[in-house]
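Hello,

I am handing over the structure we spoke about. Please have a look at it, and then read my notes underneath.

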Amino acid sequence: TRDPYRIWVSEIMLQQTRAVAVIPYYQRFLERFPTVEALAGSQEPELLECWSGLGYYTRARNLRRAAQQIVAERAGRLPRTSREWAELAGVGPYTAAAVASIAFDEPVAVLDGNVARVMARLAGHRGDIRSPRVREELRERAQKLLDRRHPGQFNQAVMELGATLCSPRNPQCLLCPVAAWCEARRLGVQNELPVRLGRREPERIEMAVAVVRRDGKLLLRRRPEEASVMPGFWELPAPDGLAVGEPLGRFRHAITHHRYTVTAYPARPPRRLPPGCRWIALADLPGLPLTTISRKALRLTPPEGPSSRNPRR
């Protein structure tokens, strides 16, 4: 598509998320919000429910804020240049260049992780790819190589090259169409580049949640608006102070640099509601912004199963 709205939505969704995971969310999002006006007029709970499971929810909030900027300040007309796109909430240099080049043929190169890897290997660059200076050097190289007649196609081709052949591990150099010009390939260091210094080790966290049902309702807690992660989302409460039964199961979940191991317990309804908790009708869950950890935990128990199994104190 050359539709700037659709390109913009797709680029925001594809940030830190694989395309195969994005596709159903992208289709559902555009059905719900087919225009920038529809997105600008949406309510946040509706937006978060549509985004639920995709992660990095600040992206969704910024997308809505930017849509409101476009409607209020530009009468609904989407920007045409990368400079104008970069003035919107949540739009950085990469997204601005991607939309402007693909939708409007602006001759500006993109630099995402895939493109940076391709450029680092082509140049045999041994600098830390996380360094702002190195990334600017790689962006300048991409700009010099850019096909100014077909900038959108060029940018997408380089991104695709990085995603399919010039992969982080074991790049498929024998199939690569630019292997003859690749300095890393010539030196035999393609598996060593790009250089990443100071890689952060993931933090491993054990946590537990309680599944409490009563009369067709589920006990949930709403995360505070000031929470640093998923503010405003609903989640299963912790089992502290509840009469719980044998574990329903355990599962793993990853959020950025955190690796969670979660144990889900059935529990009896409490006499008093824990702070921040409410009874929510099971029929209302599909339209509720619910954390992914909670959704995974609910899959471990039958939809209409008992509220607890052999509960104990």
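**Charged pairs and cysteines**

D105 is partly exposed, at 37% relative accessibility. Please keep in mind that this is a predicted model.

D105 is a good place to start on the charged pairs. Its partner in a salt bridge is R2, and the closest N and O atoms of the two are 3.1 Å apart. This pair links distant parts of the chain. R2 sits in the segment before α1 (4-13), while D105 belongs to the loop between α7 (93-104) and α8 (113-123), and 103 residues separate them. R2 is also partly exposed, with a relative accessibility of 47%.

In general, side chains of opposite charge can pair when their charged atoms come close. How many salt bridges are there in this model? The count comes to 14.

Two further salt bridges are found within helices. One of them joins E136 and R139, with 2.9 Å between the closest N and O atoms. Both residues lie in helix α9 (residues 132-145), three residues apart, which is about one turn of the helix. E136 is partly exposed at 34% relative accessibility, and R139 is partly exposed at 29%.

The other joins R186 to E183, where the closest N and O atoms are 2.6 Å apart. These two residues are in helix α11 (residues 183-187), and because they are three residues apart there, about one helical turn separates them. R186 counts as exposed, with 60% relative accessibility, whereas E183 is partly exposed, with a relative accessible area of 26%. Elsewhere, R32, E46 and E49 are joined into one network by salt bridges that share partners.

Now to the cysteines. A disulfide is a covalent bond between the sulfur atoms of two cysteines. The structure holds zero disulfides. C166 is in none, and the nearest cysteine sulfur to its own is that of C176, 6.2 Å away.

Why is there no bond from C176 to C166? The cut-off for a disulfide is a pair of cysteine sulfur atoms within 2.5 Å. The sulfur of C176 is 6.2 Å from the closest cysteine sulfur, in C166, and is therefore too far for a bond. Is C166 buried or exposed? C166 is buried, with a relative accessible area of 11%.

Regards

Conventions
Residues numbered from 1 in each chain as written. Predicted model: local features only at pLDDT ≥ 70, side-chain atom pairs only at ≥ 80, totals over all residues. Heavy atoms only, no water. Buried < 20%, exposed > 50% of the residue type's maximum accessible area, 1.4 Å probe, protein only. Salt bridge = Lys/Arg side-chain N within 4 Å of Asp/Glu carboxyl O. Helix = DSSP H or I, 4+ residues; strand = E, 2+ residues; numbered from the N terminus.
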